[in-house]
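Please open the model in a viewer and keep the sequence panel beside it. The tour below proceeds by selection, one stop after another.

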Amino acid sequence: MLNTQIIADSFPALHQTIGDNRLVYLDSAATTQKPQCVIDAITNYYEHDNANIHRGVHTLSHRATKKYENAREQIAKLLHCSRHEEVIFVRGATEAINLVAQAYARPRIGEDDVILITEMEHHSNIVPWQLVCEQTGASLEVVPVQDDGSLDMEAYKSLLTEDVAIVAMAHVSNAIGTINPVKEICALAKQVGATTVIDGAQAVGHLQVDISDIDCDFYAISGHKMFGPTGIGCLFGKYDLLQEMEPWQGGGDMILSVSFEETTWNAVPFKFEAGTPNIAGAIGLGAAVSWIHEIGYDQICKHEQELLAYGREVLLAIDGVDLIGASKHNAGVIAFTLRGVHPHDVGTILDHAGVAIRTGNHCAEPLMKRFGLAATCRASLCIYNTREDLDSLGVGVKEAMRILG
Amino acid sequence: MSDLRELYLEMVTDHAKSPRHRGKTDPCDCIGTGHNPLCGDKIVVTISLDGETIDDVKFDGEGCAISTASCDLMAEVLQGKTIQEAKKLFQGFHELVAGDGTAESVPKKLSVFSGVREFPMRVKCATLAWHTLIAALDGNNEASTE
């Protein structure tokens, strides 16, 4: 049995009141709260080890380098990568996808090629590909989403022609929580020779991701959505692909030697990490990975699935609530609307009750359009949430219906 | 903590639920589109003029309770006002919802939005109607809260 109190106690930001009410944080899909161990790891680094990495011979530089590289190994292990050099530190999933789009896709595709994405993508997995299409003349095609929020796999299969060069899609939808069958998707893509790019921003904090099992070519993660700090994330890339790619940005650390005549690149992954990276961020992310290991994905998944079922039940019991895209294979994201009440008003009324949810288009305008909505309310769950949190959500939603419904 | 009841006064919720000035003016002398990227709201404000005097204002589109009620009550108070008076009203309204509270007096119907000041995240919802109106009067077809 999960001791939710011990878990909640690890997150200092959760212990506060909003007005007269206890904070109920149901916006973890936007960013998760940070456990004390992550905050301590960052503070500790700045208090004791702060130095630049990969260059100094002095003790602090050695310590900082060791911690930074240790974080890379932890992430490689968490994701079951075959080697830790396959993990590149970036600012977040957005930067990871842009890196693949510009450094991998752009030089390799042309006007006969197709980039295949889905209707449920976050803007960060749409716009980088639109840019590549503009730059290369390639075309963008979109796999539709079904009424229950799941991906239309039949449509995917028929859109997956020999012309498809890249398949890019979310592992878990940020807006409605659908878990896509990425292993099957990647296997099918492989049959037509397409390169696969999975946006795992919403997955890694909530479910075990085994990259060698999924067998994708690239996988993007975001540190702050998995208990780590903002401004740090990772791109996983298959070693051979990373080897054959040209660098993305030039600068210090990504070179072996520089002269005005010729510059040679550093090895993977350093080739893609120009400039002083977010050292503290990487170390904080490493601490977040340790925390996840301590709790274990089995517990995280089980707890969030129980809460998901309970949360749906609480909301469906309220007259006037509609769930949006509540698929069978869903992560802990509940998207909903209240008949006759705008999500923005729901957000304000819930905030007043101490309940933090996200309202709006969730950076997924095409998906909103597909469901005929301008905006939704989204309650997103995490290991530190409780049934009481969802009861508070229910009370707030009823209050919104009373005021405006 | 700010009081929710001051934000959602009965007059506000009433106009949000049953707006009286939805539609498009005929004739339509000015038109403006307002967009709040934060919530995805889009409204269209149309105006019919009699010289320098506003004959009628209507609005269309979807928005939250604050933005809908603001559109509707704006349309109500502007009938028969001159363009200059409308711009002055906007200044007074802006001061009321986003200023320091020393607003010049605004018509009673607009003062129901004084509670918005306590909800900084909702100021843009209240002012979208007015930004769109001014854009329409100035011949700029688009206004954004950003």
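A residue is called buried if 20 or more other C-beta atoms lie within 10 Å of its own, exposed if 12 or fewer, and partly exposed in between. The model is a predicted one.

**Stop 1: A:H54**

Select A:H54, in the loop between helix 2 (36-49) and helix 3 (59-78) of chain A. Is this residue buried, exposed or partly exposed? A:H54 has 16 other C-beta atoms within 10 Å, and therefore counts as partly exposed. Its backbone also merits inspection: phi of A:H54 is near 60°, a positive value in a residue other than glycine. Most residues other than glycine have a negative phi, and most peptide bonds are trans.

**Stop 2: helix 3 of chain A**

Continue along the sequence to helix 3 of chain A. Its 20 residues should span 28 Å at 1.5 Å a residue, and the end C-alpha atoms are indeed 28 Å apart, so expectation and model agree. Colour the buried residues of this helix: A:A64, A:K67, A:Y68, A:A71, A:R72, A:Q74, A:I75, A:A76 and A:L78. What do they pack against? The partners are helix 2, strand 4, strand 10 (233-237) and helix 10 of chain A. Just after the helix, select A:H80, where phi is positive, at about 60°.

**Stop 3: A:H84**

Next select A:H84, in the loop between helix 3 and strand 4 (87-90) of chain A. A:H84 is partly exposed because it has 16 C-beta neighbours inside 10 Å. Setting aside neighbours within four places in sequence, A:H84 is in contact with A:R72, A:E73 and A:A76. A distance label between the C-alpha atoms of A:H84 and A:Q74 should read 8.4 Å, for two residues 10 apart along the chain.

**Stop 4: a β-α-β unit**

Select strand 5 (residues 114-118) and strand 6 (residues 139-143) of chain A, which run parallel and are joined by 5 bridges. Within this pair, A:I115 stands opposite A:L140 of strand 6. Now add helix 5 (residues 127-136) of chain A: with strand 5 and strand 6 of chain A, this helix completes a right-handed β-α-β unit.

**Stop 5: two further loops of chain A**

Select A:D253, in the loop between helix 9 (239-244) and strand 11 (255-258) of chain A. Here too a residue other than glycine has a positive phi, near 75°. With 17 other C-beta atoms within 10 Å, A:D253 is partly exposed.

Then select A:P269, in the loop between strand 12 (263-265) and helix 10 (279-295) of chain A. The peptide bond leading from A:V268 to A:P269 is cis, with omega near 10°.

**Stop 6: the two domains of chain A**

Colour chain A by its domain assignment, which gives domain 1 (4-30 + 296-404) and domain 2 (39-293). How far apart are the C-alpha centres of domain 1 and domain 2 of chain A? They lie 28 Å apart. Across the boundary, 22 residues of domain 1 are in contact with 20 residues of domain 2. On the domain 1 side, helix 11 (297-316), strand 14 (333-338) and helix 13 (365-370) of chain A each supply at least two residues. Helix 11 of chain A gives the largest share of that side, 4 residues. By class, the domain 1 side has 13 nonpolar, 6 polar and 3 charged residues.

**Stop 7: where chain A touches chain B**

Display both chains. Their contact takes 15 residues from chain A and 16 residues from chain B. On the chain A side, select helix 12 (343-352), strand 16 (358-360) and helix 14 (387-404), each of which supplies at least two residues. Helix 12 of chain A contributes the largest share, 5 residues. The chain A side divides into 5 nonpolar, 8 polar and 2 charged residues.

**Stop 8: chain B**

Select B:P27, in the loop between helix 2 (10-17) and strand 1 (30-36) of chain B. A cis peptide bond joins B:D26 to B:P27, with omega about 0°.

End at helix 3 (residues 65-78) of chain B. Its 14 residues should span 20 Å at 1.5 Å a residue, which agrees with the 20 Å between its end C-alpha atoms. Of these 14 residues, 12 are buried, so the helix is largely enclosed by the rest of the structure. Among the buried residues are B:I66, B:C71, B:D72 and B:L78. Just after the helix, B:G80 has a positive phi of about 85°.

Key
Residues numbered from 1 in each chain as written. Chains lettered and ligands numbered in written order. Predicted model: local features only at pLDDT ≥ 70, side-chain atom pairs only at ≥ 80, totals over all residues. Contact = placed C-beta atoms within 7 Å. Nonpolar A, V, L, I, M, F, W, Y, C, P; charged D, E, K, R; others polar. Domains from an automatic or database assignment. Pairing = 2+ DSSP bridges. Right-handed = clockwise from strand over helix to strand, strands pointing away. Expected span 1.5 Å × (residues − 1).
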